[in-house]
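Let's walk through this structure together, one neighbourhood at a time. Keep the sequence and the 3D view side by side as you read.

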Amino acid sequence: DKGERAEKKASDKDKKVASSGILNFNTSSKVEYYPPETSTLKNRTSFTTEEQLLEEEGPTIEYKNYVYPFLPANILEIRQDICGFLNTRGGRIYIGIQHPKKVVGIEILKGERKDLIQGLATEIAMKIDPIPNGLIDMQFIPVLFKNGNEKKNECVIKIIVKQGNSNQLYYMNEAAYIRAGKDTKKLDNATANTLSKLRQIEGQNLASELDFDDFGKQLPTSYE
């Protein structure tokens with residue numbers, strides 16, 4: 001059937017766009033509603049509008065409240081957080097959460113989601129060195145009304161960042177970032193060079209062994 005073949009071809013094309021040849025993104029949008037208390041934040045497949053999340057921001061969790069299309073400053077913050085997670089223990093960025101932890105969602109059309117995937121993949125490939133291929137996923141998690149019905153075109157964007165190669169540091173625009181508590185911090189050049197050499201020599205993730213509160217420049221975090 002020509003219609004079925006065309007539909008399959010379009011689906012295969014979407015999968016290619018999702019992977020972008022650079023990063024392996026997961027663009028799942030399956031709706032599966034259940035009460036918030038029945039699952040941890042990490043495993044959620046839906047959120048309820050105005051829901052207050054239980055989990056606080058921390059070393060592996062970052063909440064953001066942006067409007068799409070993102071501003072350049074928003075993209076910069078996302079890149080910094082991704083770099084920080086890569087260099088520490090990995091983590092997850094949730095976009096569509098109002099400070100401190102209220103679900104408001106973000107409105108983004110289905111067609112715009114592929115543009116976001118391509119744009120973010122390009123930004124990461126161009127600005128983060130080495131390229132974190134296979135270490136970053138993206139999910140569009142539905143936001144539901146309190147009666148359980150899905151809010152059209154609204155979701156929480158979840159960016160999943162795995163811990164990077166422990167033998168090296170990841171740099172963004174020649175600067176290294178780490179995650180310290182609930183903040184992303186920029187390492188000064190001397191500290192970054194020292195940490196990079198230690199990782200190359202000892203071949204292990206030393207992030208947990210260093211007190212990052214003693215150095216590095218703390219970056220402002222915007223929730224607006």
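A good place to begin is Met138, which counts as buried because its relative accessibility is 1%. Met138 sits in strand β8, which covers residues 136-144. Please keep in mind from the start that this is a predicted model. Along the chain, Met138 and Ile160 are 22 residues apart, yet their C-alpha atoms are separated by 6.1 Å.

Met138 also leads us to a neighbour, since Ile159 is in contact with Met138. Ile159 belongs to strand β9, a strand that runs over residues 150-161. Is Ile159 buried or exposed? Its relative accessibility is 1%, so Ile159 counts as buried. Setting aside residues within four places in sequence, the contacts of Ile159 include Ile136, Asp137 and Met138. Also on the list are Gly91, Arg92, Ile93 and Ile95. Ile78, Ile82 and Leu120 complete the set. For one of these partners there is a distance to check in your viewer: Ile159 and Ile95 lie 64 residues apart in sequence, and 8.3 Å separates their C-alpha atoms.

While you are on strand β9, stop at Asn153, which is found there too. Asn153 has a phi near 65 degrees, a positive value in a residue that is not glycine. With a relative accessibility of 17%, Asn153 falls under the 20% limit and so counts as buried.

Now let's turn to a pair of helices. Helix α2 (residues 72-87) packs with helix α3 (residues 110-127) at an angle of about 60 degrees, and their axes are 11 Å apart. That angle is why α2 is described as oblique to α3. The crossing in which α2 passes α3 is right-handed. Which residues of α2 and α3 make the contact? From α2 come Ile75, Ile78, Arg79 and Ile82, while α3 supplies Leu120, Glu123, Ile124 and Lys127. Sorted by class, this contact has 5 nonpolar residues, 3 charged ones and no polar ones. Some of these names are familiar by now: Ile78, Ile82 and Leu120 are among the residues that Ile159 touches.

Following the chain on from α3 brings you to Ile128, located in strand β7 (residues 128-129). Ile128 is buried because its relative accessible area is 2%. Not counting residues up to four places away in sequence, Ile128 touches Arg79, Ile82, Cys83 and Leu86, among others. Glu123 is a further partner of Ile128, as are Tyr170, Tyr171 and Met172. In sequence, Ile128 and Ala176 are 48 residues apart, while from C-alpha to C-alpha they are 9.5 Å apart in space.

Next come the aromatic side chains. Searching the whole structure gives 4 aromatic pairs. One of them joins Tyr68 and Phe70 edge-to-face, at 5.5 Å centre to centre and with 80 degrees between the planes. Both partners are buried: Tyr68 counts as such because its relative accessibility is 19%, and Phe70 because its relative accessible area is 13%. Elsewhere in your view, look for Phe47, Tyr63 and Tyr94, which form one aromatic cluster.

The stretch around Tyr68 holds something else to inspect, this time in the backbone. The peptide bond from Tyr68 to Pro69 is cis, with omega near 5 degrees. Pro69 lies in the loop between β2 (61-64) and α2. Where else can a cis peptide bond be found? The bond from His99 to Pro100 is cis as well, with omega near 5 degrees. Pro100 has its place in the loop between β4 (97-98) and β5 (102-103).

One more backbone detail is found at Glu50, in the loop between β1 (47-48) and β2. Glu50 is not a glycine, and its phi has a positive value, near 65 degrees. Glu50 has a relative accessible area of 43% and is therefore partly exposed.

Finally, zoom out to the whole protein. The chain folds into 4 helices and 13 strands. Of its 224 residues, 46% are buried. Among contacts between residues at least 6 apart in sequence, 72% join residues at least 24 apart. The pair of Ile159 and Ile95, 64 residues apart in sequence, is a good one to revisit with that in mind.

Technical notes: Residues numbered from 1 in each chain as written. Predicted model: local features only at pLDDT ≥ 70, side-chain atom pairs only at ≥ 80, totals over all residues. Heavy atoms only, no water. Phe/Tyr/Trp six-rings, centres within 6.5 Å; stacked < 30°, edge-to-face > 60°. Buried < 20%, exposed > 50% of the residue type's maximum accessible area, 1.4 Å probe, protein only. Axes fitted to C-alpha atoms, helices over the stretch in contact; angles between N-to-C directions. Helix = DSSP H or I, 4+ residues; strand = E, 2+ residues; numbered from the N terminus. Parallel < 35°, antiparallel > 145°, perpendicular 65-115°, else oblique. Left-handed = near helix turned anticlockwise from the far one by under 90°. Contact = heavy atoms within 4.5 Å. Nonpolar A, V, L, I, M, F, W, Y, C, P; charged D, E, K, R; others polar.
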